[in-house]
Amino acid sequence: MKSIFASLILALFAASVAGKDRHCTFRVHAEANPNDTATFSSSVRALFSGKQVAIERMPRLSERDVVAFYPYSAGEENYGALFQFDDHGRLALDALSIERRGSLVFVLINGRPITELQIDRRVSDGRIYIASGLTKADIELMKKEWRLIGQQRKR
């Protein structure tokens, strides 16, 4: 009986931790092998080149890897941002930049494709720079989710 009660409490605690509502989604998907099955990849039209490209279904980086960001205005009603990752995200980005050099990564924020980046060098600093494509609403949601780069962590 005690073990059932303890299991129930543990399950409820895990559900409350895992059920934290996210304000903003951030996903980085890598270009996949075009011969992969539909289980592992999806075919999408690239924003800039217009070509059909296969991308991995599972993101390499997500909003859980982001610890801070720094937004800036990129024109009228258009924003860009620098994203900083935690240790897990930094290592994932480093590994991705080594093993997929020359391929594309696709950045989706709040379910919208924002940009595609070609990996041309190793990225070991744990940061991704998005030049433009974000809205004021995106920035406001990000402020609810992450701290600004340069600010101390809230306690």
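This is a short dialogue on reading the features of a predicted model.

Me: Where do I start with the sheets, and which strands form the open sheet with antiparallel pairing?

Reply: Start with the order of the strands, then look at how each neighbour runs. Here three strands form an open sheet in the order 1-6-7, and the pairing is antiparallel. Strand 1 and strand 7 stand at the edges; each has a single partner strand, so one side of each has no neighbour in the sheet. On average, neighbouring strands of this sheet are turned by 20° against each other, direction ignored.

Me: How many bridges join strand 6 to strand 7, and how many pair strand 1 with strand 6?

Reply: Six bridges join strand 6 to strand 7. Strand 1 (residues 26-30) pairs with strand 6 (residues 104-109) over five bridges. To follow a pairing by eye, pick a residue and find its partner. Ala30 has Val105 in strand 6 as its bridge partner, and Ile109 has Arg112 in strand 7.

Me: Strand 1 is at an edge of its sheet. Is it enclosed or exposed?

Reply: An edge in a sheet and the surface of the structure are separate questions, to be checked one at a time. Four of the five residues of strand 1 are buried, so this strand is largely enclosed by the rest of the structure. Val28, which lies in strand 1, is buried because its relative accessible area is 0%, under the 20% cut-off.

Me: What is Val28 in contact with, apart from its neighbours in sequence?

Reply: Look for residues that are distant in sequence but touch in space. Beyond four places in sequence, Val28 is in contact with Pro59, Arg60, Leu61, Val105, Phe106, Val107 and Ile128. Take Val105 as the case: 77 residues separate it from Val28 in sequence, yet the C-alpha atoms are 6.5 Å apart.

Me: Is Ser62, in the loop between strand 3 and strand 4, buried or exposed?

Reply: A loop position does not settle the matter; use the accessible area. Ser62 counts as buried because its relative accessible area is 16%, and the cut-off is 20%. Leaving out residues up to four places away, Ser62 touches Phe26 and Arg27.

Me: How do I read a hairpin, and which strands form one with six residues between them?

Reply: Find two paired strands and the turn that links them. Strand 2 (residues 41-45) and strand 3 pair in the antiparallel sense over five bridges. Together they form a hairpin with six residues between them, and Gly50 in the turn has a positive phi of about 80°. Ser43 stands opposite Ala54 in strand 3. Four of the five residues of strand 3 are buried.

Me: Which residues other than glycine have a positive phi?

Reply: Read the angle first, then the place in the chain. Glu77 has a phi near 55° and lies in the loop between strand 4 and strand 5. At 63% relative accessibility, Glu77 is exposed, because the cut-off is over 50%. Asn110 also has a positive phi, of about 55°, and its place is the loop between strand 6 and strand 7. At 25% relative accessibility, Asn110 counts as partly exposed.

Me: What is the order of the open sheet of four strands, and what packs on it?

Reply: Again, take the order and then the edges. The order is 8-5-4-9, with mixed pairing. Strand 8 and strand 9 (147-148) are the edge strands, each pairing on one side only. Strand 5 (residues 79-85) and strand 8 run antiparallel and are joined by five bridges; Ala81 stands opposite Ile130 in strand 8. Helix 3 (residues 136-145) packs on the sheet, where it touches strand 4, strand 5 and strand 8, and its direction makes about 140° with that of strand 8. Helix 2 lies across strand 5 and strand 8, at about 105° to strand 5.

Me: Last, what is the volume of the largest pocket, and which residues line it?

Reply: Take the volume, then the lining. The volume of the largest pocket is about 280 Å³. Its lining has 16 residues, and the closest to the centre are Leu117, Gln118, Val123, Arg127 and Ile128. Helix 2 (87-99), strand 7 (112-118) and strand 8 (127-134) are the elements that give two or more residues to this lining. By type, the lining residues of the largest pocket are 10 nonpolar, two polar and four charged.

Methods: Residues are numbered from 1 along each chain as its sequence is written. This is a predicted model: local features need pLDDT of at least 70, side-chain atom pairs count only at pLDDT 80 or more; totals for chains, interfaces and linings use all residues. Side-chain values use heavy atoms; hydrogens and water are left out. On a 1 Å grid over the protein atoms alone, a cavity is a set of points where a 1.4 Å probe fits but cannot get out, and a pocket is an open set with protein on both sides within 12 Å along at least five of seven lines; lining residues have an atom within 4 Å of a point. Grid points are joined across faces, edges and corners, and a volume is the space filled by probe spheres set on the points. Ala, Val, Leu, Ile, Met, Phe, Trp, Tyr, Cys and Pro count as nonpolar, Asp, Glu, Lys and Arg as charged, and the others, Gly among them, as polar. Buried means under 20% relative accessible area, exposed over 50%, partly exposed in between (1.4 Å probe, protein chains only). Contact means heavy atoms within 4.5 Å. Two strands pair if DSSP finds at least two bridges between them. Axes are lines fitted to C-alpha atoms, for helices over the stretch in contact, and angles run from 0 to 180 degrees between N-to-C directions.
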